[in-house]
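Here are some exercises to work through with the model open beside you. Try each task before you read its solution.

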Amino acid sequence: MKRDPVIFVVVALAVSLMLVFAYKATGKQPANATGPTGAGKPAPEFALQSLDGKTIRLSDLRGKAVVVNFWATWCQPCRVEMPWFVELQKQYGPDGLQILGINADEDASPDELGKFAKGMGVNYPVLLGKEEVEQAYGGISFLPVTVYVDRDGNVVDKVFGLKGRAEIEDDIKLALAKKKSSVQAQR
């Protein structure tokens, strides 16, 4: 059975157009990997509303390792990693981990986000994103983007796209260990 090369070209063109449309539809500026969220630099402060109406500030979490995950409901890689974040929050929460999911989907209502998060079993705060926060973190041109912040509020790593669960866990362990080692050095 011979495959028609025209079908292949049409499918490739359609996929390419969908990717370009998705990029353009987000209206985001290109991500800046060397911007204000480079490793060792302070994570940009923010105050965002959670789905339950509370205002969460990054500075209020000082002393905890924080995972700042930018995501959207339509983002398939985000859907893959969310159950991992749920498991990791359960596992490392008692050690001082706080995962924050910042929604970058401007078209989704808080009710839709709440239903989505509940359906995914999310056990960490989901925050309503703002363009200025995304820009402060170097711009979000594709999703997911995850920033790992140590207990002192400094960036440990910034990851673009989906990484494996083991890599996520390694960055969490690194963020959790940062202040512990400096406290132990002072003793």
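A salt bridge here is a side-chain nitrogen of Lys or Arg within 4 Å of a carboxyl oxygen of Asp or Glu. The model is a predicted one: local features need pLDDT of at least 70, side-chain atom pairs count only at pLDDT 80 or more, and totals for chains, interfaces and linings use all residues. Residues are numbered from 1 along each chain as its sequence is written, and side-chain values use heavy atoms, with hydrogens and water left out.

**Exercise 1. Trace the salt bridges of Arg165.**

Solution. Start with Glu87: its side chain meets that of Arg165 in a salt bridge of 3.1 Å, N to O. Arg165 belongs to helix α5 (residues 165–186) and Glu87 to helix α2, so this pair ties together parts that are 78 residues apart in sequence. Helices (H or I, at least four residues) and strands (E, at least two) are DSSP runs, numbered from the N terminus.

Next, look along α5. Arg165 also forms a salt bridge with Glu169, with the closest N and O atoms 3.0 Å apart. These two are four residues apart in the helix, which means a separation of about one helical turn. Shared partners thus join Glu87, Arg165 and Glu169 into one network.

Finally, check exposure, where buried means under 20% relative accessible area, exposed over 50%, and partly exposed in between (1.4 Å probe, protein chains only). Glu169 is buried at 13%, while Arg165 is partly exposed at 24% and Glu87 partly exposed at 39%.

**Exercise 2. Which residues of helix α3 are buried, and what do they pack against?**

Solution. Within α3 (residues 110–120), the buried residues are Leu113, Phe116 and Ala117. Viewed down the helix axis, they fall within an arc of 95° and so line one face; the arc is that of the directions from the axis to the C-beta atoms. In general, an α-helix has 3.6 residues a turn, so residues three or four places apart point the same way.

Now turn to the partners. The buried residues of α3 pack against β3 (65–71), α2 (76–92), β4 and β5 (126–128), where contact means heavy atoms within 4.5 Å. On the face turned away from the buried side sit the exposed residues Asp111, Lys115, Lys118 and Gly119. After the helix comes Gly121, with a positive phi near 75°.

**Exercise 3. Describe the surroundings of Gln98.**

Solution. Place the residue: Gln98 lies in strand β4 (residues 97–103). With 14% relative accessibility, Gln98 counts as buried. Then list what Gln98 touches beyond four places in sequence: Leu61, Lys64, Ala65, Val66, Val67, Gln89, Tyr124 and Pro125. One of these, Ala65, is 33 residues away in sequence, yet the C-alpha atoms are 6.2 Å apart.

**Exercise 4. How many disulfides does the structure hold, and where?**

Solution. A search for cysteine sulfur atoms within 2.5 Å of each other finds one disulfide in the whole structure. Cys75 and Cys78 form this link, with their sulfur atoms 2.3 Å apart. The angle about the S-S bond is 80°, and the link is right-handed. Both cysteines, Cys75 and Cys78, are buried.

**Exercise 5. Set the scene for the whole protein.**

Solution. Count the elements: there are five helices and seven strands. In sequence order they follow the pattern α-β-β-β-α-β-α-β-α-β-β-α. To finish, consider burial: 41% of the 187 residues are buried.
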